[in-house]
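Me: I have a model open and would like to go through some of its labels with you. Could you take me from each value to its definition?

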Amino acid sequence: MAADEPLVLGIETSCDETGIGIVRGTTLLADAVASSVDEHARYGGVVPEVASRAHLEAMVPTVHRALKDAGVAMSDIDAIAVTSGPGLAGALLVGVAAAKGYAMALDKPVYGVNHLAAHVCVDQLEHGRLPEPCMALLVSGGHSSLLLVPDVTSDVRPLGATIDDAAGEAFDKVARVLGLGFPGGPLIDRRAREGDPDAIAFPRGLSGPRDAAYDFSFSGLKTAVARWVEARGRDGKPVPVADVAASFQEAVVDVLTRKAIRACRENDVDHLLVGGGVAANSRLRAMAAERCATAGITLRVPRPGLCTDNGAMVAALGAEMVRRDRAPSTLGIPADSSMPVTVTQA
C-alpha cells in the first residue's frame with residue numbers, strides 16, 4: 001500500500017444494507033455494514049420504504065464507524081464513490097444524497113458508479129488487479145448476469161442475463177416454500193449440506209441446444225419445486241427438506257457454472273470471476289472450482305463477506321476510477337434504479 005495512493009470512501013445503499021468502505025489503492029482499510037435484514041424478515045422480503053428509512057438512520061453512524069476502523073479522519077478522504085444504480089430507487093437516493101453532501105463539505109470529487117461493476121471490482125481487494133479481459137458471473141437477489149469485462153471502469157459487456165427470476169430471488173422463494181425463512185440463500189445452503197443433490201431431478205432452465213447460450217431462467221425451477229412440495233402434501237407424505245434444498249441448489253449452480261464455463265471458452269477468456277450475494281453459496285464455489293480446474297480456467301471468488309452488498313466494493317471501483325484518471329461525476333448524479341450494466345459510471 002503506497003501512501004500516495006488515493007483514499008476513497010465508498011457508499012452502498014442499493015438494497016437493505018448500508019455499506020461504507022474505505023480503500024487506499026487496492027488495500028481495504030474498513031468495511032462497515034449496517035443491515036436492516038431483520039426488519040424485512042417478517043415480510044418475507046425487502047420492503048423498499050423500510051430499507052430507505054433504515055439507510056437514513058444508519059448512514060452517519062456507519063460512516064463514523066468506518067473512519068474509526070480505518071484510523072483516518074474525514075478530512076483525509078480524497079474522493080467519494082457511491083452506488084448510483086441499479087437498485088431500489090428510494091434506497092439509492094439516500095446514498096447518493098449522502099455522497100453529494102460529503103463531497104460538497106470536503107470539496108472532493110464524487111464518482112457515481114454501477115453496482116454490478118462494483119461487484120466485479122471488489123475482487124481486486126483480495127486477489128490484485130483484474131486480468132483484462134475477464135469473465136464475470138454475477139449472481140444475487142436481483143441479478144444473474146454473464147459479463148465480459150475488458151475494463152471494469154469503462155467497458156463491461158453483457159453476454160447474458162436472467163429472463164425472469166434471478167437466482168437469489170429463486171433461493172428466497174424456495175426457502176419460503178420449505179418454511180425456512182428469509183433470506184433464503186444461507187438457509188438453503190445450510191440445509192442442503194444434509195441432503196442428497198441427486199434425490200430429485202429438478203429442471204435445468206434454458207439448457208437445451210436451441211436455448212439462448214448465456215441467458216438464465218429460474219422461474220420454472222422455482223415452480224417445479226413448489227409443485228413437488230405440494231404433491232407430497234396432497235399425498236400425506238413428509239417433505240424431505242434437506243433433499244429438496246440440495247436438489248434445488250444443485251440445479252441452480254449446475255446451470256450457472258456450465259454457462260459461465262461455456263462463455264469463457266467461446267470468448268477466449270481464461271479468468272472467471274464469480275461475484276454477488278449468491279457467490280457466498282458453498283456449493284456454487286465448489287462446483288465453479290471443479291469445473292474451472294477441468295477447463296483450465298483461473299477462478300477468482302472474493303471471500304463471502306465481500307460477495308454480499310458492501311461499501312468496500314464501491315470504494316474499490318472508485319479507487320480504480322481515480323487510478324485510471326476517469327473524470328468524476330457531477331453533483332447532479334442521479335439515483336438510477338434501472339442503470340444498465342454497460343454504464344459503469346453516472
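Reply: Gladly; the turns below take up helix packing, rings, empty spaces and backbone features. This is a predicted model, in which local features need pLDDT of at least 70 and side-chain atom pairs count only at pLDDT 80 or more, while totals for chains, interfaces and linings use all residues. Residues are numbered from 1 along each chain as its sequence is written, and side-chain values use heavy atoms, with hydrogens and water left out.

Me: What makes the pair Phe171 and Phe248 edge-to-face?

Reply: Rings of Phe, Tyr and Trp (its six-membered ring) pair if their centres lie within 6.5 Å; planes under 30 degrees apart are stacked, over 60 edge-to-face, and the rest tilted. The centres of Phe171 and Phe248 are 5.0 Å apart and their planes stand at 75 degrees, so the pair is edge-to-face. By this rule there are two aromatic pairs in the count.

Me: Why is this pair said to tie together separate parts of the sequence?

Reply: Phe171 sits in helix 6 (residues 167-177) and Phe248 in helix 9, so the pair ties together parts 77 residues apart in sequence. Helices (H or I, at least four residues) and strands (E, at least two) are DSSP runs numbered from the N terminus.

Me: How are helix 9 and helix 10 packed, and which residues make the contact?

Reply: Two packed helices are described by the angle between their axes and the distance between the axes. Helix 9 (residues 241-266) and helix 10 (residues 282-295) pack at about 35 degrees, with axes 9 Å apart. The axes are lines fitted to C-alpha atoms over the stretch in contact, and angles run from 0 to 180 degrees between N-to-C directions. Contact means heavy atoms within 4.5 Å; among the residues that make it are Val253 and Ile261 of helix 9 and Leu284 and Met287 of helix 10.

Me: What is the volume of the largest pocket, and what makes a space a pocket rather than a cavity?

Reply: On a 1 Å grid over the protein atoms alone, a cavity is a set of points where a 1.4 Å probe fits but cannot get out, whereas a pocket is an open set with protein on both sides within 12 Å along at least five of seven lines; lining residues have an atom within 4 Å of a point. The largest pocket holds about 960 Å³, a volume being the space filled by probe spheres set on points joined across faces, edges and corners. Of its 36 lining residues, Cys15, Ser140, Gly141, Gly142 and Asp172 are the closest to its centre. Helix 6 gives the largest share of the lining, six residues.

Me: How many cavities are counted, and which residues line the largest?

Reply: The count is one cavity of 30 Å³ or more, and the largest has a volume of about 30 Å³. Its lining includes Gln124, Glu132, Val149 and Arg324, with strand 7 (residues 144-151) giving the most, three residues.

Me: Which peptide bonds before Pro133 and Pro183 are cis or trans?

Reply: Glu132 and Pro133 are joined by a cis peptide bond, with omega about 0 degrees, and Phe182 and Pro183 by a cis bond with omega about -5 degrees. Pro133 is in the loop between helix 5 (124-127) and strand 6 (134-139), and Pro183 in the loop between helix 6 and helix 7.
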